[in-house]
Amino acid sequence: MIVRLTLSYRGAAYAGWQRQANAPSVQQAVEEALERLLEHPVRTVGASRTDAGVHALGQVAHQELAAPFPLRGLVHGTNHLLAEDVRVHAAADMPAGFHARKSACAKQYGYRASRAEVISPLDAPFCVRVPRRVDPVLLAAAAERLPGRHDFSPFAAAGGAHRRPHRTIFAAGWLERGDELLFRVVGDGFLRGMVRALVGTMLEVGRGKRTVESFTALLAGGARESAGPTAPAHGLVLEKVFYPEPFRLADDPQPPVLT
């Protein structure tokens, strides 16, 4: 029996989704809660291996259960055993062959930045302060260059799996909301640290430290040091994971297409 879970979490207390030998992870927390509830070992596979400090609004995971278990009880029973910074929102039976990561066809991330002189303590854990002189017009111009298939090697963190650095971006853009700037990107996959490096590099464009043309040139590949800095982790959120038929549930978003 394959069960799909939809989860959210605040990433501040965790070394990312994936289990670590010497640091707490979201995967470990979820597995330990499920094992206490189900009374048998469980291996939970996440759709995205979010990095340390990164949050999730719509992470998806799956596990195989040894015996049927009421889905509502799985949600509420697991939440009862989890810390308050991790929550299971839904559980669903899935057909054979479903894999949370391998079956996914796209993911959506959001990154929050603010030009405010003072960020509210209600927003600060999820929003990164940037200089007021950041130009949203230049940010938008840089993001417009992202849709398509590119070599994202310059935006990959050291230690990631970069043997296949090409990824397809379906949509990307910046939204200005008062002092806040929200970057949203949808792609078929992301290299380790890629979104945060894209944000850090585009912020250089927005500050006039790099041209839109030089940013575009990075999409042909190159060394990591040719791009800008990696933006802080706490501004990044995994918002959605997309699945094709037959693994798409009734309330899932439609898979994106490149226009």
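**Close-up views of a predicted model**

Glu180 is buried, at a relative accessible area of 13%. The model shown in these views is predicted.

**View 1. Glu180 and its salt bridge to Arg177.**
The side chains of Glu180 and Arg177 form a salt bridge, with 2.6 Å from N to O. Glu180 sits in strand 9. Its partner Arg177 is partly exposed, with a relative accessible area of 43%. The pairing extends further: Arg112, Asp123, Arg177 and Glu180 are joined into one network by salt bridges that share partners. Why does Glu180 count as buried? Its relative accessible area is 13%, and buried means under 20%, so Glu180 falls in that class. Arg177, at 43%, lies between the cut-offs of 20% and 50% and is therefore partly exposed. Glu180 also has a neighbour from elsewhere in the sequence. The C-alpha atoms of Glu180 and Ala113 are 5.8 Å apart, although 67 residues separate the two along the chain.

**View 2. The hairpin of strand 8 and strand 9.**
Strand 8 (166-177) and strand 9 (180-187) form a hairpin, with 2 residues between them. Gly178 lies in the turn and has a positive phi of about 65°. The two strands run antiparallel and are joined by 8 bridges. Leu175 stands opposite Leu182 of strand 9. Strand 8 has another partner in strand 7 (residues 148-151). That pairing is antiparallel too, over 4 bridges. Here His150 has Arg167 of strand 8 as its bridge partner. In a regular strand, side chains alternate between the two faces of the sheet.

**View 3. Arg132 and Asp179, a link between distant parts of the chain.**
Arg132 and Asp179 meet through their side chains in a salt bridge of 3.3 Å, N to O. The two residues are 47 residues apart, and the pair links distant parts of the chain. Arg132 is in the loop between strand 6 (128-129) and helix 3 (136-143). Asp179 is in the loop between strand 8 and strand 9. Are these residues buried, exposed or partly exposed? Arg132 has 48% relative accessibility, so it counts as partly exposed. Asp179 has 32% and likewise counts as partly exposed. Side chains of opposite charge can pair when their charged atoms come close. In the whole structure, a search finds 11 salt bridges.

**View 4. Strand 1 and its two antiparallel partners.**
Strand 1 (residues 2-9) is mostly covered, with 7 of its 8 residues buried. Which strands pair with strand 1? Strand 3 (residues 55-64) does so in the antiparallel sense, over 7 bridges. Strand 4 also runs antiparallel to strand 1, and 8 bridges join the two. One residue pair illustrates each contact. Tyr9 stands opposite Ala56 in strand 3. Leu5 has Ala91 of strand 4 as its bridge partner.

**View 5. A positive surface patch.**
Arg43, Arg49, Arg101 and Lys102 form a positive surface patch. Lys102 belongs to the loop between strand 4 (86-94) and strand 5 (106-114). Lys102 counts as exposed because its relative accessibility is 64%, and the cut-off for exposed is over 50%.

**View 6. Glu39, a positive phi outside glycine.**
Glu39 has phi near 65°, a positive value in a residue other than glycine. Where does Glu39 lie? Its place is the loop between helix 1 (26-38) and strand 2 (45-46). At 72% relative accessibility, Glu39 is classed as exposed.

**View 7. The cis peptide bond between Glu245 and Pro246.**
The peptide bond from Glu245 to Pro246 is cis, with omega near 5°. Pro246 lies in the segment after strand 10 (236-242). Glu245 also takes part in a salt bridge: its side chain meets that of Arg248 at 3.5 Å, N to O. Glu245 is exposed, with a relative accessible area of 56%.

Note on methods. Residues are numbered from 1 along each chain as its sequence is written. This is a predicted model: local features need pLDDT of at least 70, side-chain atom pairs count only at pLDDT 80 or more; totals for chains, interfaces and linings use all residues. Side-chain values use heavy atoms; hydrogens and water are left out. Buried means under 20% relative accessible area, exposed over 50%, partly exposed in between (1.4 Å probe, protein chains only). Patches are made of residues with over 30% relative accessible area and no salt bridge: like charges are joined within 9 Å, nonpolar side chains (Val, Leu, Ile, Met, Phe, Trp, Tyr) within 5 Å. Accessible areas come from the Shrake-Rupley method with a 1.4 Å probe; for residues, only the protein chains shown count as cover. A salt bridge is a side-chain nitrogen of Lys or Arg within 4 Å of a carboxyl oxygen of Asp or Glu. Lys and Arg count as positive and Asp and Glu as negative; His and the chain ends are not counted. The place of a charge is taken as NZ of Lys, CZ of Arg, CG of Asp or CD of Glu. Two strands pair if DSSP finds at least two bridges between them.
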